[in-house]
Amino acid sequence: MKLSLRNIIARHNPIALLDSSSTSASACNPTTTLGQVLQIHGQLLVHGRLHDPDVFDQFVAAVALAAGIASPFLLQYSHRLLDHSPHSDSVFLLNSLIRAHIRGPDPGHAFHFYRRLLGSLSPDRFTFTFLVSACVKAAASPFSAASVHAAAIRRGFASDPHVHSALIRMYAEFGDLEAALRVYSEVRDADTVARTAMLGALAAAGEIDHARELFDDMPSRDPIAWNAMIAGYSQVGRSREALQLFSSMQLEGMRVSEATLVSVLTACGHLGALDQGKWAHSYLQRNRLRITVTLGTALVDMYSKCGDTEWAMEVFWRMQEKNVYTWSSAMSGLAMNGAGKECLKLFDQMKELGLLPNGVTFISVLRGCSVAGLVEEGRQHFDSMHEKYGINPWREHYGCMVDLYGRAGLLDDAVDFINNMPIEPHAGAWGALLNACRIHRNIELGEYAMKKLVEVESRNDSAYVLMSNMYAESRNWEGVNDVRESMKGKGVRKEPGCSVMEVGGEVHEFFVGGKSHPRYKEIVLMLQEISRKLRLAGYTAKTNEVMFNIEEEEKEDALRLHSEKLAIAFGLIALDEGTCIRIVKNLRVCWDCHDTSKLISRVFQREIILRDRNRFHHFKDGTCSCKDFW
């Protein structure tokens, strides 16, 4: 029977449950109050049940464990009951108090009850399972963690499956993958629990291929193993594999949990796979799963990253419970999709409700100011972080401010801001300045920004590409050649362009110049049709950014095979007429592709939503939401 206050009364005084529902409270019921506990305590005293050591231990344990969910006062009450106990301590009771403190506000206090247990009793496997968890929750020192491990070895419990798995998870949490592997290797026949713990440790450490080998070799896999593997793929950006594994998980008939869906939604957001994200949302609704704060925030983030702010806000406003991260995610989605003023309006609504913003919130707010061109308001929000809310700005906030000045064309202000930063200027700040120099065609300042950027990140390929493009636009071929020679000398290679889009629930990848897509011949024909219609509409290719040592006609061919153009062409032949084309690109979109996309949206009367490395571009009726600044 489940350990709870209700069960204790039902077993030892069934009539009490009928007298008043207020005298019963489950240990897992968040409404449990100290008043209810006092009533139950009184009933047990009146009926003389606390003279029974077993009843006393179960009552104190139930009160302590209820505290983890309800009130810290219950934990204090359980301490007072223990201090006035008419019975000797039991391993069960002290283990329960250790476990309760893991869930409470002071996990480190669990060690007090371990020391008390050692005074007259011998710990068991549950003691060490809970104690190892206490090390993680209390963020104990590596020395303390090793001491618990040593004690488990001395007592002969280190090879117990539950203790063994807890030790693996503990070392993984501390970032000591080597120690976790060493613990795992010490067991001859690791069971599913131990294998799953090791799999989770490898996935969390980014050793995703090693984790997959272990996953594939497991004779049986529980939902936790599937979740760990899907989460691992999602965390390292291998989102296609995360979604493929999720499909396999469903075919296996595995139970899908909240953790699974959060990882799946993260992968959908990364890929811009809106159809699969919508499927996950409908799965929640079909199975009547409660949309928790975590799950709701993941949904808002997924819809935002797929460029569907309408649905993102629909989910946001329907959520019964929201925290500061939910509000920040909604604001971030609006800002990244070019709705800066709406982002700031949402920030005002959040403050009206009395919610305090955090550092994440202000990143969204400053980005909102940037896309809306609200320089003075951005300054005020930046200053308010420390002055009003006591938040010391992060590197990301400084980068946002440089972007704010740069977008507005205030390059001198941007430089002054960088020079007066209280921290060492980072790649984000110099990169924002370099991009602003490209937009406003300030080559001299751009050269300075690039020099500073490569001093911080010598292998930053985007810095070299940006500078090369600036030289090319001004037809400074000597400068272009110098940049490319510098790249060769330092072994820096430009990342190949890749665009991803989803059609019919299937994710398609297009690489620059790629010919491997099964419908490539149709794509080429559509590219020719696009070229014909755009020329009639007055389009002229912007070939300045293309290599200077090839003929003009070849330059146009090279531009036509950029990955986003291949994706757009595929979208025009594969999607129903009028359906929005959604693309995610790994690099910054070039000038020609940007202008071409604007024109295609007008000529073909098709909305195109492109998310590049920097921001979203909503192309519609010949215009872009970024207002030609990216």
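Start by selecting Asp 348 and Lys 351: their side chains meet in a salt bridge, 3.8 Å being the figure for a later stop and 3.7 Å, N to O, the one here. Show helix α21 (residues 340-352) as well; the two residues are three apart within that helix, so about one helical turn separates them. Bear in mind that you are looking at a predicted model. Side chains of opposite charge can pair when their charged atoms come close. Across the whole structure, a search turns up 21 salt bridges.

Next, colour by domain. The chain splits into domain 1 (230-316), domain 2 (322-385), domain 3 (394-490) and domain 4 (498-624). Hide everything but domains 2 and 3 for a moment. Their centres, taken over C-alpha atoms, are 26 Å apart. Domain 2 brings 15 residues to the contact and domain 3 brings 14.

How much area is buried between domain 2 and domain 3? About 1,200 Å², with carbon and sulfur atoms giving 76% of it. To see where domain 2 pays in, pick Ser 370, Val 375 and Phe 382: these lose the most area to domain 3, and together they make up 42% of what the domain 2 side buries.

Stay at this interface and look for charge pairs. The rule finds one salt bridge across the interface of domain 2 and domain 3. Now select Arg 379 and Asp 413, whose side chains meet in a salt bridge at 3.8 Å, N to O.

Bring the whole chain back and go for the largest pocket. Its volume is about 1,500 Å³, and 50 residues line it. A handy way in is to centre the view on Arg 367, Asp 612, Arg 613, Asn 614 and Arg 615, the lining residues that lie nearest the pocket's centre. Then add helix α26 (residues 427-439), which gives the most to this lining, with six residues. If you colour the lining by class, you get 18 nonpolar, 16 polar and 16 charged residues.

Last stop: the enclosed spaces. A search of the whole structure finds three cavities of 30 Å³ or more. Which domains give residues to the lining of the second largest cavity? Domain 1 and domain 4 both do, so this cavity lies between them. Its volume is about 50 Å³.

To display the wall of the second largest cavity, select these residues:

- Leu 271, Gly 272, Lys 305 and Cys 306, which are among its lining residues
- Val 500, Met 501, Arg 582, Ile 583 and Val 584, also among the lining
- Ile 609, Arg 611 and Phe 616, again part of the lining

Switch to cartoon and you can follow the strands: β1 (498-503), β3 (581-585) and β4 (608-611) each supply at least two residues of this lining. β3 gives the most, with three residues. By class, the wall of this cavity has eight nonpolar, one polar and three charged residues.

Definitions and conventions
Residues numbered from 1 in each chain as written. Predicted model: local features only at pLDDT ≥ 70, side-chain atom pairs only at ≥ 80, totals over all residues. Heavy atoms only, no water. 1 Å grid on protein atoms, 1.4 Å probe; cavity = no way out; pocket = protein on both sides within 12 Å on 5 of 7 lines; lining within 4 Å. Points joined across faces, edges and corners; volume = space filled by probe spheres on them. Helix = DSSP H or I, 4+ residues; strand = E, 2+ residues; numbered from the N terminus. Nonpolar A, V, L, I, M, F, W, Y, C, P; charged D, E, K, R; others polar. Domains from an automatic or database assignment. Contact = heavy atoms within 4.5 Å. Buried area = accessible area lost by both parts, 1.4 Å probe. Salt bridge = Lys/Arg side-chain N within 4 Å of Asp/Glu carboxyl O.
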